[in-house]
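Here is a short report to read alongside the model. Take a moment with the sequence and the 3D view, and then we can walk through a few places together.

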Amino acid sequence: MDRASPVPLYFQLSQQLESAIERGKLAPGSLLGNEIDLAGRLGLSRPTVRQAIQSLVDKGLLVRRRGIGTQVVHSQVKRPLELSSLYDDLEAAGQRPATRVLRYETEEATAEVAAALAVPEGTEVRLVERLRLTHGEPMARLRNHLPLDLLSLENGALETTGLYRLMRGAGVTLHSARQAVGARVAAPQEAELLGETEGAALLTMQRTTYDDTGRAVEYGSHLYRATRYAFEFQLLVRH
């Protein structure tokens with residue numbers, strides 16, 4: 001702790017704990033010492049330690065359990081805004097991704113899907129809907145529409161790897177994407193699926209991906225738990 005810094009001690013402690021959680025030094029399920037023990041070891045006041053812990057409880061990284069203590073729940077995944085697969089990003093972050101296929105079928109393209117894939121409304125397209133989990137806990141519902149003739153998929157493959165990896169393996173060269181990020185509250189069925197309470201905040205993402213010929217090869221409409229997931233932006237100054 002830098003006591004000469006203008007940054008409050010509770011915030012310094014919360015940042016150090018959050019960093020340890022994100023790097024895996026404090027794994028999910030780990031127990032922190034009680035506030036009195038932590039305060040004594042760190043030479044801080046109990047209110048300072050309590051405030052630091054509460055800030056991480058509010059972020060969803062820690063949880064207080066009666067009779068057990070304060071426990072690490074998980075780290076929040078911070079995903080860069082670039083053309084990458086959620087599965088690959090989670091795997092690279094050591095998050096042990098898993099997938100449950102909810103739907104894999106052919107359906108007629110709605111006006112929204114048809115516009116994204118540049119096909120006539122009513123054209124048959126492939127629908128792939130999955131639940132992505134980390135450490136056995138739901139993180140996102142992924143809904144993707146693909147041109148029917150793009151590639152052949154199997155449930156087994158979809159459960160063990162990412163969609164973009166399968167597309168690349170089939171010879172599809174992903175080149176660019178157009179993406180929009182937003183937020184809304186969870187409907188009852190979405191909340192149940194994602195392990196959230198009804199009305200909880202969800203991040204939304206719509207993405208249309210193009211191959212190197214300019215063809216739209218995928219339209220994704222995804223929901224993410226805001227307590228578990230964040231998008232990171234790198235902003236450059238324009239001169």
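Pro8 has a relative accessible area of 39% in this predicted model, so it falls in the partly exposed class, between the 20% limit for buried and the 50% limit for exposed. You will find Pro8 in the segment before helix 1. Its C-alpha is 8.9 Å from that of Thr48, although 40 residues separate the two along the chain.

Just after that segment, helix 1 covers residues 9-22. Its 14 residues span 20 Å from the first C-alpha to the last, close to the expected 20 Å. The buried residues of this helix include Leu13, Leu17 and Ile21, and also Gln12 and Glu18.

Now for a second site. Thr110 sits in the loop that links strand 4 (97-108) with helix 5 (111-117). Thr110 is partly exposed too, because its relative accessibility is 41%. A polar atom of the Thr110 side chain is 3.3 Å from the backbone nitrogen of Val113.

The C-alpha separations for both sites are set out here:

| Pair | Distance along the chain | C-alpha separation |
|---|---|---|
| Pro8 and Thr48 | 40 residues | 8.9 Å |
| Thr110 and Thr123 | 13 residues | 8.5 Å |

Finally, the chain as a whole. It contains eight helices and 10 strands, and 44% of its 239 residues are buried. Of the contacts between residues at least 6 apart in sequence, 59% join residues at least 24 apart. The exposed area comes to about 12,700 Å², with 50% of it supplied by carbon and sulfur atoms.

Conventions. Residues numbered from 1 in each chain as written. Predicted model: local features only at pLDDT ≥ 70, side-chain atom pairs only at ≥ 80, totals over all residues. Heavy atoms only, no water. Helix = DSSP H or I, 4+ residues; strand = E, 2+ residues; numbered from the N terminus. Buried < 20%, exposed > 50% of the residue type's maximum accessible area, 1.4 Å probe, protein only. Contact = heavy atoms within 4.5 Å. Areas by Shrake-Rupley, 256 points an atom, 1.4 Å probe, with all protein chains shown as cover. Expected span 1.5 Å × (residues − 1). Polar contact = N/O pair within 3.5 Å; in protein donor to acceptor, adjacent residues only side chain to side chain.
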